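Trainee: I've never looked at this one before. Please walk me through it and tell me how each label is earned.

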Amino acid sequence: MSGNERFLQKIREEFVKFEKTMEELHFLKLVAQDLENVRKMIKLKKYD
């Protein structure tokens, strides 16, 4: 494998890591929104 191919392989690996991190970040954002909504529902339920 030449130096150029190794460089491209390293870039691909870093891209895969980046995509995985972005997916995890998106998931965590959804979880945070869900927790926020649950918090709001608990406040509303208190006054029912």
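Mentor: Let's start with burial: buried means under 20% relative accessible area, exposed means over 50%, and partly exposed is in between, with a 1.4 Å probe and protein chains only. Bear in mind that this is a predicted model, where local features need pLDDT of at least 70, side-chain atom pairs count only at pLDDT 80 or more, and totals for chains, interfaces and linings use all residues. Residues are numbered from 1 along each chain as its sequence is written, and side-chain values use heavy atoms, leaving out hydrogens and water.

Trainee: Okay, why is arginine 39 called exposed?

Mentor: Its relative accessibility is 53%, and the cut-off is over 50%, so arginine 39 gets the exposed label. Phenylalanine 15 also earns it, because its relative accessible area is 53%. Phenylalanine 7 comes in at 52%, so that one counts as exposed too.

Trainee: What share of the protein is buried?

Mentor: Buried residues make up 0% of the 48 residues. The protein exposes about 5,100 Å², and carbon and sulfur atoms supply 63% of that. Such areas come from the Shrake-Rupley method with a 1.4 Å probe, and for residues only the protein chains shown count as cover.

Trainee: What makes up the secondary structure?

Mentor: One helix and zero strands. Helices (H or I, at least four residues) and strands (E, at least two) are DSSP runs, numbered from the N terminus. Helix α1 covers residues 3-46, a run that meets the minimum of four, so it counts as a helix. Phenylalanine 15 lies in helix α1, as do arginine 39 and phenylalanine 7.

Trainee: How far apart do residues of the helix get, say arginine 39 and glycine 3?

Mentor: They are 36 residues apart in sequence and 54 Å apart in space, C-alpha to C-alpha. For phenylalanine 7 and leucine 30, the figures are 23 residues and 35 Å. The C-alpha atoms fill a box of roughly 70 × 5 × 5 Å along the principal axes.

Trainee: How do you know that glutamate 14 and lysine 10 form a salt bridge?

Mentor: The term asks for a side-chain nitrogen of Lys or Arg within 4 Å of a carboxyl oxygen of Asp or Glu. Glutamate 14 and lysine 10 have N and O at 3.7 Å, so they pass. Glutamate 14 also bridges to lysine 17, with the closest N and O atoms 3.5 Å apart. Those shared partners join Lys10, Glu14 and Lys17 into one network. The structure holds two salt bridges.

Trainee: Why is glutamate 14 called partly exposed?

Mentor: Because its relative accessibility is 37%, which falls between the two cut-offs. Lysine 10, at 46%, counts as partly exposed as well. These two are four residues apart in helix α1, which means about one helical turn separates them.

Trainee: What makes Phe15, Phe18, Met22 and Leu25 a patch?

Mentor: Patch residues have over 30% relative accessible area and no salt bridge; like charges are joined within 9 Å, nonpolar side chains (Val, Leu, Ile, Met, Phe, Trp, Tyr) within 5 Å. Phe, Met and Leu are on that nonpolar list, and these four make a nonpolar surface patch of about 420 Å². Phenylalanine 15, at 53%, clears the 30% bar, so it fits.
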